[in-house]
Amino acid sequence: MTISPQSYAAYQLLHDGILALGRAEQVGIRVDVPYIERTQTELTARIASIRDEFKDTPFYREWQKASDKDDVNIDSHVQLRDFLYDVKQYTPTKLTAKGSGSTDKESLKQLNIPELNRLLETKKLKKLWDVLNDFYNEQVNGVIHPFFSLNNVISYRSSSDSPNFQNIPIRDEESMNICRNALYPRPGHQLLEVDYSGLEVHIAACYHQDRTMLKYINNPESDMHRDMAIQIFKLDAYDDHKHKTLRKAAKNGFVFPQFYGDYYVNCAKNLACNWGQLPQGRWQEGQGILLGDIPLADHMIAVGFRNLKQFTAHIERIERDFWDNRFKQYARWKRRWWETYQRTGYIDLYTGFRCQGVMRRNDCVNYPVQGAAFHCLLWSFIQLDRIMREEQWKTRLIGQIHDAIVLDVHPDELEYVTKVIHRVTCDDLPRAWDWIIVPLEIEMDVCPVDGSWAQKSKLK
DNA sequence: AAACCGGGCCAC
DNA sequence: AAACGTGGCCCGGTTT
């Protein structure tokens, strides 16, 4: 690890941080062991039943026949890849990093083979079984103690393991419920989750100070994801109810990938496959997500994009506009920091840490943002840990997920604790670090007393 | 038998 | 020119 010469503060942050995180590790999170055992049994049965059906299909029999093994292993993506792309001669829609045909979820879906969709169901359920199994293996007297490290990540973020507290399913509703229903506060308490809203975007803005981005951040009426949705999908007027999914598509399929350094060819493909319905390079009429009552594919054809090629050209123009016009200073900052790295061999974070060694262009702008954003969270975590002990709260900090803090709160303290959290995260932090030139905001979710983590809902 | 690697998938 | 950033964990399959 390297720390820039001027920064004793950086050194101190990690030392204070690891102690505060260590105290959270000691507290841990309660797990419902009987629930885990029960649910694993159910999952095992569901997986077995789908597998039995799968083994009774012509697809499986053909796969077995073509194999030189006594029994094909359904879990072997190597065997599946050989069968699909060598024996059956399907054309892979995607290649792996090493250049072989991919058998990931997206690739298998594109093949549109019903048997493979069944297989995908078992893979999802197996993943959930694994998550629960990790909880089970790691629990001691019904409590897990996820570890948090500050020495593993190249960008100076944290990592978590045994079990990993930072990748518990949440986006898929069923997966979220199955996994998070296993996690509980101490008896009589309730879980509270505090998230910084758009933390990395805000911290990036502190570095590049792009005029347009600062306007987006400072004007609550404005919304860059909405604006990009309008541009990408050629909407006349934006209707939040009707176009919510398109806003999400613009955010996760264009804006964030662009910020991380992706480019238009990937963006176009992902947008088309995930939200439209474009298996063979052509929008499939009457399919895809709905805009009110019109399928997205029909809308895209109506506004002049009949196939992936035309849509890609459209996204290419939008990408150019995005960096040349909309976020011009952001783009210039990216170029400047890449030049600085090439000249000096390192990049310094605003929090005093230094990144050096072999770095790619994208690394030079991603590391300082990712690291400093996490350090905001860590600073807040340290302050809360100190106040909690000084004031002898019954409430405890129990974990952290990059831009979020999780607490186990005594109900009597909820109101006071949330007030302190708000002050520390949104007022004290920007006062302590003068390079933070944008307002910081948080959202809080709370669970019922004695309720599981799956039961969280927005506070206030 | 252990170590390693590729590929997949969950999170931010 | 280049072409999505950071992790942990699981599994199959190969090398040591």
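1. In this predicted model, helix α16 gives the most to the surface near DNA strand C, contributing six residues. Other elements that give two or more residues to this surface are α6 (114-138), β4 (159-161), α11 (240-260) and α12 (264-275); α16 itself spans 361-390.

2. The surroundings of DNA strand C comprise 32 residues. The closest of these are Ser 76, Gln 79, Lys 126, Tyr 263 and Tyr 367. By class, the surface near the strand divides into 15 polar, 11 charged and six nonpolar residues.

3. Which parts of DNA strand C supply its atoms within 4 Å of the protein? Sugar or phosphate accounts for 71% of these atoms, and bases account for the rest.

4. Individual polar atoms may also be examined. Asn 164 places a polar side-chain atom 2.9 Å from a sugar or linking oxygen of DNA strand C. For Gln 370, a polar side-chain atom likewise lies 2.9 Å from a sugar or linking oxygen of that strand. With Asp 262, by contrast, a polar backbone atom is involved, at 3.5 Å from a sugar or linking oxygen of DNA strand C.

5. A further point concerns two helices. The axes of α2 (residues 33-55) and α7 (residues 173-180) come within 10 Å of each other and cross at roughly 140°. Angles over 145 degrees would count as roughly antiparallel, and the crossing angle therefore makes α2 oblique to α7. On the α2 side, the contact is made by Tyr 35, Thr 39, Leu 43 and Arg 46. On the α7 side, Glu 174, Asn 177 and Ile 178 take part. The contact of α2 with α7 has three nonpolar, two polar and two charged residues.

6. The model also contains an open sheet of five strands, in the order β11-β12-β6-β13-β14, with antiparallel pairing. Strands of a sheet pair through backbone hydrogen bonds. Why do β11 (396-400) and β14 (457-458) each have one side without a neighbour in the sheet? Both stand at the edges, each with a single partner strand, so one side of each is left without a neighbour.

7. The pairing of β11 may be followed in detail. Strand β11 pairs with β12 (residues 404-409) in the antiparallel sense over four bridges. Within the two strands, Gly 399 stands opposite Val 406 in β12.

8. Finally, a helix accompanies this sheet. Helix α17 (residues 414-432) lies across β6 (190-196), β12 and β13 (442-446). The direction of α17 is at about 15° to β6.

Technical notes: Residues numbered from 1 in each chain as written. Chains lettered and ligands numbered in written order. Predicted model: local features only at pLDDT ≥ 70, side-chain atom pairs only at ≥ 80, totals over all residues. Heavy atoms only, no water. Near = heavy atom within 4 Å. Polar contact = N/O pair within 3.5 Å; in protein donor to acceptor, adjacent residues only side chain to side chain. Nonpolar A, V, L, I, M, F, W, Y, C, P; charged D, E, K, R; others polar. Axes fitted to C-alpha atoms, helices over the stretch in contact; angles between N-to-C directions. Parallel < 35°, antiparallel > 145°, perpendicular 65-115°, else oblique. Contact = heavy atoms within 4.5 Å. Pairing = 2+ DSSP bridges.
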